[in-house]
Structures are given as structure tokens and as C-alpha cells.
Amino acid sequence: MRETAEDLKELQALLDASLSRSASHLRSIINTERTLTAEQLTQVLTGMCTLALSTVTAKGEPRISGVDGHFLHGKWYFGTARGAVKARHLAARPAASAAHMRGEDLGVFTHGKAEILNPPDGEPAADWPDVLAYLKDFYGEDLFDWDNDVVYYRLHPHWMTVYAPDIAKLAAASQS
């Protein structure tokens, strides 16, 4: 777990606010018995988690693709090739949605705004060196030309909810 006490407090506030302002149908499915706390979520979302990432075209049409997601400090981090269509979409329209699902055991649904961490022609985010160190440790130093081949994003969520109907089963699976 890489989250600080402040990260957990902010994530819990986001989870609580998101669920409270959701439609009654969603609240009938995701309730206090079928969700996770911020602390539980950060314990479950370790390593690489495959995300279904949705971006928007210039015509307002949704596009979905898969990315490697890393949940750090209560936010999703993901990357793609600098020339990928999703990179062009996010550069022009940074609104994005992401879903991470593990069968019927876990669903993490997030809407937010993507921030470029390592822009090709600008200053990187202040924490980019720390994120890059994490990524190089995870993937290996020589997988990419990290400065030129890939672009990484942080998804700043304005809405996030978690479906987990059997917390004990999920926790046991995460520890194995």
C-alpha cells in the first residue's frame, strides 16, 4: 500500500460522495454491504490491473480500449504509446472513464480527467520521477524509451464507486 493517511481520507470521501449522489438503481446494487472502504480498495488494487478505458472522439463518440492500470495514491495511472489514438483523444479531450473488473467479484468504476505526467514538450508532473521509478521497478528499466515511446496519465476522479459482493472472498484472493 503506497497511500498516505491523507490519500485514504480523500479516497474515502470520494467513494462516499460518489455513492451518495448515484441513482437509486445503482445504490440498490452497491451499498455498504457490497462495497469496499478506501483502505480495503488499496489493499486489493495492487500491481497491474487491466482497465477498460473510455475516451471521446471529436464527434463526441465513445471509444474504449485496454490499458495497464496502476492504482497509486487513490488514483489510476496508465500509459499508452505517444502516437496512439487514445493519446490524441486525451490530449484534446481529457475526460475519461475507466473500469476494472474481476469477474463478478470486483468492479471499480471511475470517471474523471486525465493529466499527462510526461508531456513531450513540457515540464513533467512534479511526482513524475517517483511514478517513473515505480513503473521501471514494475516493468523493468529497458522495456521502453520512457521519454519518447510512452505517455503516462493520472486519472483525477470526480466519481468512483466499487462493487464487491463478498469482501472476504476478494481479500483471500488478493493474498494468494
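These exercises, with worked solutions, concern a predicted model.

**Exercise 1. The barrel**

Find the order of the strands in the closed barrel, and say how they pair.

Solution.
- Step 1: Trace the strands. The barrel has six of them, in the order β1-β2-β3-β6-β5-β4.
- Step 2: Check the sense of pairing. The pairing is antiparallel. Strands of a sheet pair through backbone hydrogen bonds, either parallel or antiparallel.
- Step 3: Look at the twist. On average, neighbouring strands of this sheet are turned by 40° against each other, direction ignored.

**Exercise 2. Strand β6 and its partners**

Determine how many bridges join β6 to β5 and how many join β6 to β3.

Solution.
- Step 1: Take β5 (residues 106-116) and β6 (residues 150-163). They run antiparallel and are joined by 10 bridges. In this pairing, find His111; Trp159 in β6 stands opposite.
- Step 2: Take β3. Its antiparallel pairing with β6 has six bridges. Here Thr80 stands opposite Val151 in β6.
- Step 3: Ask how covered β6 is. Of its 14 residues, 11 are buried, so the strand is mostly covered.

**Exercise 3. Two sides of helix α1**

Decide whether the buried residues of α1 lie on the same side or on opposite sides of the helix.

Solution.
- Step 1: Test the length. Helix α1 (residues 5-20) has 16 residues. At 1.5 Å a residue they should span 22 Å, and the end C-alpha atoms are 22 Å apart, which agrees.
- Step 2: List the buried residues. In α1 these are Asp7, Leu8, Leu11, Leu14, Leu15, Ser18 and Leu19.
- Step 3: Place them around the axis. They cover an arc of only 125°, so they sit on the same side of α1.
- Step 4: Turn to the other side. Ala5, Lys9 and Ser20 are exposed there.
- Step 5: Locate the helix on the barrel strands. α1 lies across β2 (62-72), β3 (75-81) and β6, at about 55° to β6.

**Exercise 4. Helix α4 and His89**

Classify His89 as buried or exposed, and say which residues it touches.

Solution.
- Step 1: Place the helix. α4 packs on the sheet, where it touches β1 (48-56), β2, β3, β4 (95-102), β5 and β6. The direction of α4 makes about 60° with that of β1.
- Step 2: Place the residue. His89 belongs to helix α4 (residues 85-92).
- Step 3: Apply the cut-off. Buried means under 20% relative accessible area. His89 has 9%, so it is buried.
- Step 4: List the contacts. Not counting residues up to four places away in sequence, His89 touches Thr55, Val56, Thr57, Arg63 and Pro94.

**Exercise 5. From Met48 to an aromatic pair**

Classify Met48 by accessibility, then describe the geometry of the Tyr134 and Phe138 pair.

Solution.
- Step 1: Start in strand β1, which contains Met48. Its relative accessibility is 32%, so Met48 counts as partly exposed.
- Step 2: Collect its contacts. Leaving aside neighbours within four places in sequence, Met48 is in contact with Asp68, Gly69, His70, Phe138 and Tyr139.
- Step 3: Follow Phe138. Its ring forms a stacked pair with Tyr134, 6.3 Å centre to centre, with 20° between the planes.
- Step 4: Explain the spacing. Both residues lie in helix α5 (residues 128-139), four residues apart, so about one helical turn separates them.
- Step 5: Compare exposure. Tyr134 is buried at 12% relative accessible area, whereas Phe138 is partly exposed at 38%.
- Step 6: Widen the search. The whole structure holds seven aromatic pairs. Ring pairs also link Trp128, Phe144, Trp146 and Tyr152 into a cluster.

Definitions and conventions: Residues numbered from 1 in each chain as written. Predicted model: local features only at pLDDT ≥ 70, side-chain atom pairs only at ≥ 80, totals over all residues. Heavy atoms only, no water. Helix = DSSP H or I, 4+ residues; strand = E, 2+ residues; numbered from the N terminus. Buried < 20%, exposed > 50% of the residue type's maximum accessible area, 1.4 Å probe, protein only. Contact = heavy atoms within 4.5 Å. Expected span 1.5 Å × (residues − 1). Arc of directions from axis to C-beta. Pairing = 2+ DSSP bridges. Axes fitted to C-alpha atoms, helices over the stretch in contact; angles between N-to-C directions. Phe/Tyr/Trp six-rings, centres within 6.5 Å; stacked < 30°, edge-to-face > 60°.
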